[in-house]
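Trainee: I should like a close look at one part of this structure. Please take a single helix and describe its surroundings in one connected account.

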Amino acid sequence: MNTVKKETARELTQYELSTQIITKLNTFKLTPTAKLVLLYLTTCYNPKHREVFPKQKTIADKLGVSERSVTRAVQEL
């Protein structure tokens with residue numbers, strides 16, 4: 001009888017995700033605001049839910065930029 005070994009993917013921690021993004025940030029051709037939004041989104045990552053849903057207004061307030069800038073950055077991402 002063949003047994004199939006189930007491999008489970010290990011979840012990235014928030015720290016690991018942020019570190020990977022930061023080390024590869026210069027390889028992405030993004031505007032500075034898009035990079036800032038991307039980094040902020042990594043701080044909102046929860047490996048238990050795998051979803052990131054902060055409001056654009058929240059992002060704008062936290063980063064000190066306009067909501068329109070956040071909207072453009074999210075579209076760019």
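Mentor: The account below begins with the whole chain and then turns to helix α2 and its surroundings. This is a predicted model, in which local features need pLDDT of at least 70 and side-chain atom pairs count only at pLDDT 80 or more, while totals for chains, interfaces and linings use all residues. Residues are numbered from 1 along each chain as its sequence is written, and side-chain values use heavy atoms, with hydrogens and water left out.

The chain has four helices and zero strands, in the order α-α-α-α. Helices (H or I, at least four residues) and strands (E, at least two) are DSSP runs, numbered from the N terminus. Of the 77 residues in the chain, 21% are buried; buried means under 20% relative accessible area and exposed over 50%, with partly exposed in between (1.4 Å probe, protein chains only).

Helix α2 spans residues 32-43 and includes Ala34. Ala34 counts as buried because its relative accessibility is 0%. Beyond its neighbours within four places in sequence, Ala34 is in contact (heavy atoms within 4.5 Å) with Ala73, Glu76 and Leu77. Ala73 lies 39 residues from Ala34 in sequence, yet their C-alpha atoms are 4.3 Å apart.

Helix α1 (residues 14-24) also belongs in this picture, with Leu17, Ser18 and Ile21 as its buried residues. Viewed down the axis of α1, these residues fall within an arc of 95 degrees, so they line one face of the helix; the arc is that of the directions from the helix axis to the C-beta atoms. An α-helix has 3.6 residues a turn, so residues three or four places apart point the same way. The buried residues of α1 pack against α2, whereas exposed Tyr15 and Thr23 are carried on the face of α1 turned away from its buried side.

The next partner of α2 is helix α3 (residues 56-63): the two pack at an angle of about 105 degrees, with their axes 11 Å apart. Axes are lines fitted to C-alpha atoms, for helices over the stretch in contact, and angles run from 0 to 180 degrees between N-to-C directions. The angle makes α2 roughly perpendicular to α3, a label for 65 to 115 degrees (under 35 is roughly parallel, over 145 roughly antiparallel, and the rest oblique). Leu36, Val37, Tyr40 and Leu41 of α2 meet Thr58, Ile59, Lys62 and Leu63 of α3.
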